[in-house]
Amino acid sequence: MSTTERTWQGPSAPERLSLLRQAKSVAIVGASDKPSRASYFVATYLQSSTRYKLYFVNPVVKEILGQPTYASLADLPESPDIVDVFRKHEDLPGVLDEAIAAGTKTLWLQLGSWHEGVARDAESAGLNVVMDRCVKIEHARFHGGLHLAGFDTGVISSKRQVLA
């Protein structure tokens, strides 16, 4: 993540909800087959809790969650509506180039990922951009599923928790 001051303004919560509602397909760039990775957790949630057609992009893994992977966005059978990116900061301009060439509508950079130059270039190319937000968390928050990751205990109280 860049250490420079953040000046770019992303879409509002209603705008992010609209992006998620309009999308029919999501390509996860940097998808992993390792259960300990955030991209695997996101993929598991999206596969089990959404209607999205999922594409996993990873040039070194053959299969993730029972689905074949693709070496690049150019190899996908369709243009994904959302490209969800789990890649290093320095890889983001290249991912943007691939996303533009693939005809995506939205570039979504995961939690901790912020690149103002990529955001400006993506918007100049007509893409929607979301940065430093998790697709899984955003989808769950809008659709009542935050409890699936342990975020919602179901207890609302101002009382201090009593420990044994």
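**Close-up views of a predicted model**

**View 1. Helix H1 and its buried residues.** Helix H1 (residues 13–22; helices are DSSP runs of H or I with at least four residues, strands runs of E with at least two, numbered from the N terminus) has Arg 16, Leu 17, Leu 19 and Leu 20 buried (under 20% relative accessible area; exposed is over 50%, partly exposed in between, with a 1.4 Å probe and protein chains only). These buried residues lie within an arc of 160° seen down the axis of H1, so they line one face of the helix; the arc is taken from the directions from the helix axis to the C-beta atoms. Pro 14, Arg 21 and Gln 22, on the other side of H1, are exposed. The buried residues pack against E5, E6, strand E7 (128–130) and helix H5 (135–143).

This is a predicted model, in which local features need pLDDT of at least 70, side-chain atom pairs count only at pLDDT 80 or more, and totals for chains, interfaces and linings use all residues. Residues are numbered from 1 along each chain as its sequence is written, and side-chain values use heavy atoms, leaving out hydrogens and water.

**View 2. The largest nonpolar core.** This core (buried Ala, Val, Leu, Ile, Met, Phe, Trp, Tyr and Cys residues joined through side-chain atoms within 4.5 Å) has 23 residues. Leu 73, Val 83, Val 85, Leu 107 and Met 131 have the most contacts inside it (contact: heavy atoms within 4.5 Å). Its largest share, five residues, comes from H3.

**View 3. Surroundings of Met 131.** Not counting residues up to four places away in sequence, Met 131 touches Trp 8, Leu 109, Ser 113, Trp 114, His 115, Glu 116 and Ala 119.
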